[in-house]
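This report walks through selected features of a two-chain structure, shown just below. Please keep the structure open while reading, since each section points to particular residues.

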2 protein chains.
Amino acid sequence: MKCYIMGLGLLLTLWIAPGLAQTDQPTIKDDFKPSTLNQPGQEYPQVNSQGYARFRIMAPQADSVKVNLGLGGTILTKTEDGAWVGTTAGPLDEGFHYYHLTVDGGVFNDPGTLNFYGSVRWESGIEIPAHDQDFYALKDVPHGQVRQILFPSQSTNTSRRAFVYTPPDYDKGKKHYPVLYLQHGWGEDETAWSNQGHANLIMDNLIADGKIKPFLIVMTYGMTNEIKFGGLRNFDIKPFQTVLVDELIPYIDANFRTLADQSHRAMAGLSMGGMETKMITMANLDKFSHIGLFSGGAFSMDDVNKTPGFKEKVKLVFVSFGSRELENRGARGFWGGDPKVNADALRQAGINSVFFVSQNTAHEFLSWRRSLREFAQLLF
Amino acid sequence: MKCYIMGLGLLLTLWIAPGLAQTDQPTIKDDFKPSTLNQPGQEYPQVNSQGYARFRIMAPQADSVKVNLGLGGTILTKTEDGAWVGTTAGPLDEGFHYYHLTVDGGVFNDPGTLNFYGSVRWESGIEIPAHDQDFYALKDVPHGQVRQILFPSQSTNTSRRAFVYTPPDYDKGKKHYPVLYLQHGWGEDETAWSNQGHANLIMDNLIADGKIKPFLIVMTYGMTNEIKFGGLRNFDIKPFQTVLVDELIPYIDANFRTLADQSHRAMAGLSMGGMETKMITMANLDKFSHIGLFSGGAFSMDDVNKTPGFKEKVKLVFVSFGSRELENRGARGFWGGDPKVNADALRQAGINSVFFVSQNTAHEFLSWRRSLREFAQLLF
């Protein structure tokens, strides 16, 4: 999934799978290992040290099996034992990629991998080990909790689910904590930041390294508006804003030991979640002081000037992209202007404005894992 | 998956999918609705008011599509639009069923449904509404939390995952709580009791109805021994017992407000988890007072007599089965004797022994949801 931000409230969702990195490497090294996201005991898919992925799907009577990952995908070839095998044409970008199979014209998941909610369905996932993967690795450090809560929502007439990250010391004392409300992208849900994003491990590691002061993260479902493919043009933020601002925040402040004021409350989101973050924070500057847009738009001086109190109330504007997004978008330009130029303008106007680029990643989760790592260190 | 308990430490795992209930009903009612376990927006699979299931799989170029659910499964028929459709030959038992597809000889999940970990893979799931489903429904009552924790395990040299249910009032006060350690079955994992079992909703509803005193439930992975299909004959309880008794229990007692003594600690499990429960509790009667085996064996007077202190230390022995398990097993008999006769013998010997039968269910999760509901009301 790639979503390019075209401006406030308008997202053009292009269905281009993650691109293959350009390479002159002619030789594929024979050091393939099972992907870390495989189901227990599953040998395939595999990844080699160069980032090539190799697939093996059993379907003895099928006529065609294709892996929908990377531009053009990978067409598998049938072997004598009834398995379909194939290797990507080039190395994939480091990090997490969604994919699925097309088997005789039908869309299925790879039975070898764990599933991750994206593109409004549970998709297969594969992980290309990143050179900097240590920051989201499961390490022998004190671990926080990821708590599933069910909070009452009058506006939607149901109990809604959210996940709350609490830091390792939360249950040890009486301390109150700042809170980050962190949103997923289009087609994803409240499981994304823990499953694909490793938000909890990123926090555990930053806290263990003494790089941040602990805070809570709250993750809930942001597609309350029943957004369908192509429907973002008529996107109305109000239903989700009501759930988040009028229902979830009061519930969190009543049920967790929070610092329940504007200066200790942040909101960030990736892609569509960035768009939601911008709309909700601009309309609620009495509630949020720190704002993060990860591959999800930017703030211009126009935004600042049309929002009373912006300069006084906003303590951080963080905008990030994967470098491949900027490369791809560069030629066509960004609606509303170059996001880095905008970030510089805000900084020159005296606003704490930070622009971050994740190197060699696209509109995918490694960009956002890195964005969270950077953003977290600037908070509160 | 059906597992029949053959006796202590020996499980014969038979790969028979859930059976179709016998019926004379010739007319299939046309009131099919999407299963409650479908992925968002997915119309199929569907279930009607009689318990028939109807499937629809897009695979235009496939030669054969079969649904592996029920004896013999359901062979789908290709329609003009490229979809394969079919309806079960009879109604399915009420409750949750695992299944998967065979598409041109390959095993895939139904892209319409959520996935559930069983049979050592993430499987498709379908829910036949039960007449008594209210006890595990999501209702407008105070909800507890399901907390993912990562606890250090020296014996396995990693951080291991567990889920902890905390009741709605846990964060409101200073109270300390009893703890139930609750195990999944063979091929499942620590997600099963929350996802398939709705353990948290069962607890929320029992607490809201004033039927139980709140307690914690701890759920972790019980297949630390890398049990493969057919490997249970040589099952060694020690690796998991070390994780549970020497590592997890001390971690829980150090990090949650527990009543950390034998009289406030229970263990229960389903199928293989029942076998593990029996082995671990009998070897650790100084740590556990309440024992539950759900479709996972029984206690005989031989067990009692060979275990010093059993009568004094054990406050509850709860044994349950689905009625179809007893019917199916009846003719062949149970290794170690009829479990109800055994339960009666224990009661006559002065032990608090309870035998529960879930009506019209087999070796499946509705038996175990009901077992948890009954067991919870007898605890502490």
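How are α3(A) and α4(A) oriented to each other?

## Helices α3 and α4 in chain A

The model discussed here is a predicted one. In chain A, the axes of helix α3 (residues 238-255) and helix α4 (residues 272-283) come within 11 Å and cross at roughly 60°. Because angles from 65 to 115 degrees count as roughly perpendicular and those under 35 as roughly parallel, α3(A) and α4(A) are therefore oblique to each other. The crossing of these two helices, α3(A) and α4(A), is right-handed.

On the side of α3(A), the contact is made by F240(A), Q241(A), L244(A) and V245(A), while α4(A) contributes E276(A), M279(A), I280(A) and A283(A). Sorted by character, the residues of this contact between α3(A) and α4(A) comprise six nonpolar, one polar and one charged.

## The corresponding helices in chain B

In chain B, helix α3 spans residues 238-255 and helix α4 spans residues 272-282, and their axes come within 11 Å and cross at roughly 65°. That angle makes α3(B) roughly perpendicular to α4(B), and the crossing of α3(B) and α4(B) is again right-handed.

The residues that meet are F240(B), Q241(B), L244(B) and V245(B) from α3(B), and E276(B), M279(B) and I280(B) from α4(B). The contact of α3(B) with α4(B) divides into five nonpolar residues, one polar and one charged.

## How the two chains are related

When chain B is laid on chain A, the RMSD is 0.0 Å, and the operation is a turn of 180° with a shift of 0.0 Å along the axis. That is the relation of a two-fold axis. Among the residues of chain B, the one that comes closest to this rotation axis is R147(B), whose C-alpha lies at 2.0 Å.

Which surface do the copies use to meet? Of the interface residues of chain B, 100% are also interface residues in chain A, so the copies meet through the same surface.

## The five-stranded sheet

Chain A contains an open sheet of five strands with antiparallel pairing, in the order β3-β4-β5-β9-β8. At the edges of this sheet stand β3 and β8 (77-78) of chain A, each with a single partner strand, so one side of each is left without a neighbour in the sheet. Within the sheet, strand β5 (residues 53-58) of chain A pairs with strand β9 (residues 83-87) of chain A in the antiparallel sense over five bridges, and M58(A) has A83(A) in β9(A) as its bridge partner.

In chain B, an open sheet of five strands likewise has the order β3-β4-β5-β9-β8 with antiparallel pairing. The edge strands are β3 (33-34) and β8 (77-78) of chain B, and each has a single partner strand, so one side of each is left without a neighbour in the sheet. At one edge, β3(B) pairs with strand β4 (residues 46-47) of chain B in the antiparallel sense over two bridges, with V47(B) in β4(B) as the bridge partner of K33(B). Further along, strand β5 (residues 53-58) and strand β9 (residues 83-87) of chain B pair in the antiparallel sense over five bridges, and F55(B) stands opposite G86(B) in β9(B).

## A hairpin and some backbone details

Strands β8(B) and β9(B) run antiparallel and are joined by two bridges, one of the partnerships being that of K78(B) with W84(B) in β9(B). These strands, β8(B) and β9(B), form a hairpin with four residues between them, and in the turn G82(B) has a positive phi of about 90°. A positive phi is also found at V120(B), where the value is about 60° although this residue is not a glycine; V120(B) lies in the loop between β12 (115-118) and β13 (121-128) of chain B.

Where in the chain is P45(A)? P45(A) lies in the loop between β3 (33-34) and β4 (46-47) of chain A, and the peptide bond that leads from Y44(A) to P45(A) is cis, with omega near 0°. In chain B, Y44(B) and P45(B) are joined by a cis peptide bond with omega of about 5°, and P45(B) is placed in the loop between β3 and β4 of chain B.

Note on methods
Residues are numbered from 1 along each chain as its sequence is written. Chains are lettered from A and ligands numbered from 1 in the order in which they are written. This is a predicted model: local features need pLDDT of at least 70, side-chain atom pairs count only at pLDDT 80 or more; totals for chains, interfaces and linings use all residues. Side-chain values use heavy atoms; hydrogens and water are left out. Two strands pair if DSSP finds at least two bridges between them. Copies are superposed by least squares on the C-alpha atoms of residues with pLDDT of at least 70 in both. Contact means heavy atoms within 4.5 Å. Axes are lines fitted to C-alpha atoms, for helices over the stretch in contact, and angles run from 0 to 180 degrees between N-to-C directions. Angles under 35 degrees count as roughly parallel, over 145 as roughly antiparallel, 65 to 115 as roughly perpendicular and the rest as oblique. A crossing is left-handed if the near helix is turned anticlockwise from the far one by less than a right angle, and right-handed if clockwise. Ala, Val, Leu, Ile, Met, Phe, Trp, Tyr, Cys and Pro count as nonpolar, Asp, Glu, Lys and Arg as charged, and the others, Gly among them, as polar.
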